Amino acid sequence: VKKNGKNGYQLFSNELDNQLLLRFEMESDLRKAIKENELTLHYQPQVQALSNEVIGVEALVRWNHPTKGMLSPGLFIPLAEETGLIYDIGTWALREACRQMKEWHDAGGPLIPVSVNLSSRQFHQANLVESIRDILEETGLEAKYLELEITESMMMDPDLSTEILNKLNDFGVRISLDDFGTGYSSLSYLKQLPIHRLKIDRSFITDITQNASDQAIVATIIAMAKHLNMEVIAEGIETQGQLDFLTENACKEIQGYYFSRPLPATEVEETFFVPYRQ
Ligand code: C2E
Ligand code: CA
Ligand code: CA
Ligand code: CA
């Protein structure tokens with residue numbers, strides 16, 4: 001145990017030993033979870049604010065832990081990224097999301113895309129593009145119905161990200177820039193990269209009915225997206241007031257608890273897709 005620590009001698013302290021043990025336990029649990037199908041995807045609808053029409057769903061991973069119950073990704077994605085388990089989880093999530101969306105399409109559900117989150121480690125995975133192409137082929141989902149959510153932190157190496165995004169764009173996958181406005185990168189990449197949509201981060205939405213700075217930032221992002229010919233969606237909408245601000249400022253697409261929480265596939269289907277079927 002001690003040799004594996006980054007902090008050398010400090011690891012003799014009990015607290016760190018315990019933390020490390022917990023980590024190893026969780027890592028082996030997570031390894032097992034992948035093998036034994038304990039991971040599942042929930043889907044959160046993205047809607048056209050004025051019509052309430054569902055225009056897409058975001059796939060969000062959950063871990064149905066045998067003793068700890070349903071765990072949210074914040075509790076295990078960071079560990080998965082550190083350990084490299086994110087490659088397996090990410091590939092699984094992509095395949096499962098595409099399979100599910102194809103199943104919904106085939107059952108007469110709306111022809112909408114599914115958004116899948118990519119971690120920065122995955123983004124730099126050597127065979128990412130091939131792996132996505134294989135998954136689309138395997139599941140039969142048309143590329144235009146897959147949207148990848150990436151973050152500004154992945155744009156740090158402009159040449160590499162340009163190469164990856166151009167390849168993905170070439171075979172028709174959509175790219176969405178998640179948590180927009182929270183990264184530290186410059187805006188210059190926006191003009192050269194094939195980005196279809198900006199997702200305004202929830203941190204700008206939370207106080208938007210009272211906070212003038214947030215209002216200015218959000219209105220500016222909406223205007224910028226429009227000028228750059230990109231779609232824009234706001235996330236984390238929880239109240240009618242927040243929704244009103246966005247629709248008054250011409251942001252037509254929203255995602256948030258106000259409309260729906262992320263739900264298991266069967267509930268999404270029963271709540272939103274059944275009316276579409278003949
Ligand atoms: P994210 O991509 O920014 O996803 C949005 C998060 O906000 C989700 O949390 C969602 O449940 C939550 N959310 C949606 N609407 C509202 C709202 O109105 N109010 C509030 N307070 N929260 C809202 P979740 O599912 O816990 O996911 C957290 C993060 O974990 C995600 O943030 C994403 O970065 C990561 N994640 C989830 N699934 C995956 C995955 O399959 N792969 C990777 N690499 N990361 C994932
Ligand atoms: Ca996301
Ligand atoms: Ca986000
Ligand atoms: Ca986030």
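Which residues line the largest cavity? I looked this up before anything else. The lining consists of Ala 33, Ile 34, Asn 37, Leu 39 and Trp 92.

**Setup.** I am working on a predicted model, in which local features need pLDDT of at least 70, side-chain atom pairs count only at pLDDT 80 or more, and totals for chains, interfaces and linings use all residues. Residues are numbered from 1 along each chain as its sequence is written, chains are lettered from A and ligands numbered from 1 in the order in which they are written, and side-chain values use heavy atoms, with hydrogens and water left out.

**Cavity.** I searched the whole structure and found 1 cavity of 30 Å³ or more. A cavity here is a set of points, on a 1 Å grid over the protein atoms alone, where a 1.4 Å probe fits but cannot get out; lining residues have an atom within 4 Å of a point. The space in the largest cavity is about 30 Å³, the volume being that filled by probe spheres set on the points, with points joined across faces, edges and corners. I sorted the lining by class and got 4 nonpolar, 1 polar and no charged residues. For these classes, Ala, Val, Leu, Ile, Met, Phe, Trp, Tyr, Cys and Pro count as nonpolar, Asp, Glu, Lys and Arg as charged, and the others, Gly among them, as polar.

**Calcium ions.** I then listed donors, meaning N, O and S atoms within 2.8 Å of the metal (3.2 Å for Na, K and Ca); water is not among the atoms, so sites may look incomplete. For the calcium ion (ligand 2), the protein donors are Glu 58 (OE), Asn 117 (OD1), Glu 149 (OE) and Asp 178 (OD), at 2.1 to 2.3 Å. Their spacing along the chain reads E-x58-N-x31-E-x28-D. Two of these donors come from separate strands: Glu 149 is in strand E5 (residues 146-151) and Asp 178 in strand E6 (residues 174-180), 29 residues apart. Strands (E, at least two residues) and helices (H or I, at least four) are DSSP runs, numbered from the N terminus.

I noted that Glu 149 and Asp 178 are both buried, where buried means under 20% relative accessible area, exposed over 50% and partly exposed in between (1.4 Å probe, protein chains only). The relative accessible area of Asp 178 is 6%.

The calcium ion (ligand 3) has Asp 178 (OD), Asp 179 (OD) and two entries for Glu 235 (OE) as its donors, at 2.1 to 2.8 Å. I wrote the spacing for the calcium ion (ligand 3) as D-D-x55-E. Asp 178 bridges the calcium ion (ligand 3) and the calcium ion (ligand 2), which lie 3.9 Å apart. Asp 179 bridges the calcium ion (ligand 3) and the calcium ion (ligand 4), 3.8 Å apart. At the calcium ion (ligand 4), the listed donors are both Asp 179 (OD), at 2.9 to 3.0 Å.

**Backbone.** Most residues other than glycine have a negative phi. I checked Asp 179 and found phi near 50 degrees, a positive value. Asp 179 sits in strand E6 and counts as partly exposed, at 26% relative accessibility. Ala 250 also has a positive phi, about 65 degrees. I placed Ala 250 in the loop between helix H9 (240-248) and E9; with a relative accessible area of 48%, Ala 250 is partly exposed.

**Rings.** I counted 4 aromatic pairs. Rings of Phe, Tyr and Trp (its six-membered ring) pair if their centres lie within 6.5 Å; planes under 30 degrees apart count as stacked, over 60 as edge-to-face and the rest as tilted. Tyr 43 and Trp 104 have ring centres 5.2 Å apart and planes at 70 degrees, so I logged the pair as edge-to-face. Tyr 43 is in strand E1 (residues 39-48) and Trp 104 in helix H3 (residues 86-106), 61 residues apart. Tyr 43 and Trp 104 are both buried.

Phe 259 and Phe 272 are stacked, 5.5 Å centre to centre with 25 degrees between the planes. Phe 259 is partly exposed at 22%, whereas Phe 272 is buried at 14%. I also found a cluster in which ring pairs link Tyr 43, Trp 104 and Phe 273.

**Charges over rings.** My last check used NZ of Lys or CZ of Arg within 6 Å of the ring centre and within 35 degrees of the ring normal. Arg 133 has its charged end over the ring of Phe 171, 5.2 Å from the centre. Arg 261 lies over the face of Tyr 257, at 3.9 Å from the ring centre.

Key
1 Å grid on protein atoms, 1.4 Å probe; cavity = no way out; pocket = protein on both sides within 12 Å on 5 of 7 lines; lining within 4 Å.
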